[in-house]
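Trainee: Before the discussion begins, may the structure be placed in front of us?

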Amino acid sequence: NLRFYAEEEAGDVACAKQLASLADIYVNDAFGTAHRAHASTTIIAQFFEGKKCFGALLTKEIESLNRVLKNSEKPVTAVLGGSKVSSKITVIENILDKVDHLIIGGGMTFTFIKAQGGSVVNSICEDDKMELALEILEKAAAKNIQIHLPVDVLAADDFSNDANTAFANNDQIASDFMGLDIGPKAIATFCDVIKQSKTVLWNGPMGVFEMSQFEQGTKAVAEAVVAMTQSGGFSLIGGGDSAAAIHQFGFADEVSYVSTGGGALLEYFEGKELPGVKAILD
């Protein structure tokens with residue numbers, strides 16, 4: 001494992017040259033590390049002029065990402081979840097010109113809800129990102145993009161699978177409760193939008209799907225993505241928790257592509273050049 005060596009993460013040229021001396025041809029098939037300029041994944045490529053290429057998986061990754069970003073069939077829907085707006089801000093800003101619908105679920109919902117004056121009580125919320133959330137809503141409206149926030153949530157009095165739960169409108173969560181999944185009205189709306197799409201990018205769960213009591217929103221979205229794929233659409237599941245969820249529910253073989261990259265995929269969708277990809281293309 002090269003990461004036991006400091007030279008690997010430092011992108012050390014001498015280390016890369018030493019590794020390069022062991023081979024005649026360089027093949028990079030590691031999309032999950034393509035966003036890192038490490039010795040064995042980026043720097044090494046300079047020693048294989050004319051004798052470097054992508055592996056089959058990395059080729060498929062780039063083709064799938066480009067099919068969403070550059071060659072997508074409309075309508076295009078991006079489904080973004082997860083806990084924090086801050087980790088998805090640049091992604092949202094970069095894909096606004098490429099999507100028709102933007103579905104927002106998971107914990108980052110509550111930053112948008114609170115920014116619009118809703119009461120989110122104990123739900124996760126990034127108060128310092130509320131202004132940014134409002135700016136995103138304004139930009140989307142100006143570009144005629146429909147943003148879908150969950151109208152209702154499944155709230156709980158504790159972050160536990162055994163907690164007491166109740167459905168509530170997203171801005172009327174009971175005192176001492178926190179939203180841990182999207183509610184039935186939100187599920188119906190989100191699934192309807194997904195099923196009417198031709199291209200779907202999904203990155204981030206709708207709730208705490210690791211707990212069975214709060215998996216319904218994420219599972220329903222997964223089922224809608226499968227249905228949309230089966231009717232001829234293209235679906236890209238974006239690494240990390242989304243990939244974990246799609247595998248957990250047994251749908252990995254029923255969508256178009258499940259990415260192996262977490263950070264790499266997000267950086268690609270942020271519009272950044274991935275060092276590992278650039279090193280091969282140069």
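The questions and answers below concern this predicted model.

Trainee: Which residues form a nonpolar patch on the surface?
Mentor: A patch residue must have over 30% relative accessible area. Leu2, in the segment before helix H1 (6-10), is partly exposed at 33%. The patch has about 370 Å² of accessible area together, and its members are Leu2, Phe4 and Tyr5.

Trainee: How far apart are the end C-alpha atoms of helix H7 (residues 184-195)?
Mentor: Helix H7 has twelve residues, and at 1.5 Å a residue the expected span is 16 Å. The distance in the model agrees with that expectation: the end C-alpha atoms are 16 Å apart.

Trainee: Within what arc do the buried residues of H7 fall, seen down its axis?
Mentor: The buried residues of H7 are Ala186, Ile187, Phe190, Cys191, Val193 and Ile194. An α-helix has 3.6 residues a turn, so residues three or four places apart point the same way. In H7 the buried residues line one face of the helix, because they fall within an arc of 160°.

Trainee: How many salt bridges does a search of the whole structure find?
Mentor: The criterion is a side-chain nitrogen of Lys or Arg within 4 Å of a carboxyl oxygen of Asp or Glu. Asp128 and Lys129 form one such pair, with their closest N and O atoms 3.1 Å apart. For the whole structure, the search gives seven.

Trainee: How many residues apart are Asp100 and Lys74, which link distant parts of the chain?
Mentor: Asp100 and Lys74 form a salt bridge, with the closest N and O atoms 3.2 Å apart. Asp100 lies in the loop between helix H4 (89-95) and strand S4 (101-104), whereas Lys74 lies in the loop between helix H3 (56-69) and strand S3 (76-80). Their separation along the chain is 26 residues.

Trainee: Is Lys74 buried or exposed?
Mentor: Exposed means over 50% relative accessible area. Its partner Asp100, at 23%, is partly exposed. Lys74 has a relative accessible area of 51%, and therefore counts as exposed.

Trainee: Which residue meets Asp97 in a salt bridge?
Mentor: Asp97 is in the loop between H4 and S4, and its partner is in the loop between helix H6 (130-142) and strand S5 (146-148), 46 residues apart. Asp97 is exposed, with a relative accessible area of 57%, while the partner counts as partly exposed at 40%. The N to O distance is 2.7 Å, and the partner is Lys143.

Methods: Residues numbered from 1 in each chain as written. Predicted model: local features only at pLDDT ≥ 70, side-chain atom pairs only at ≥ 80, totals over all residues. Heavy atoms only, no water. Patch = residues over 30% accessible without salt bridge, like charges linked within 9 Å, V, L, I, M, F, W, Y side chains within 5 Å. Areas by Shrake-Rupley, 256 points an atom, 1.4 Å probe, with all protein chains shown as cover. Helix = DSSP H or I, 4+ residues; strand = E, 2+ residues; numbered from the N terminus. Buried < 20%, exposed > 50% of the residue type's maximum accessible area, 1.4 Å probe, protein only. Expected span 1.5 Å × (residues − 1). Arc of directions from axis to C-beta.
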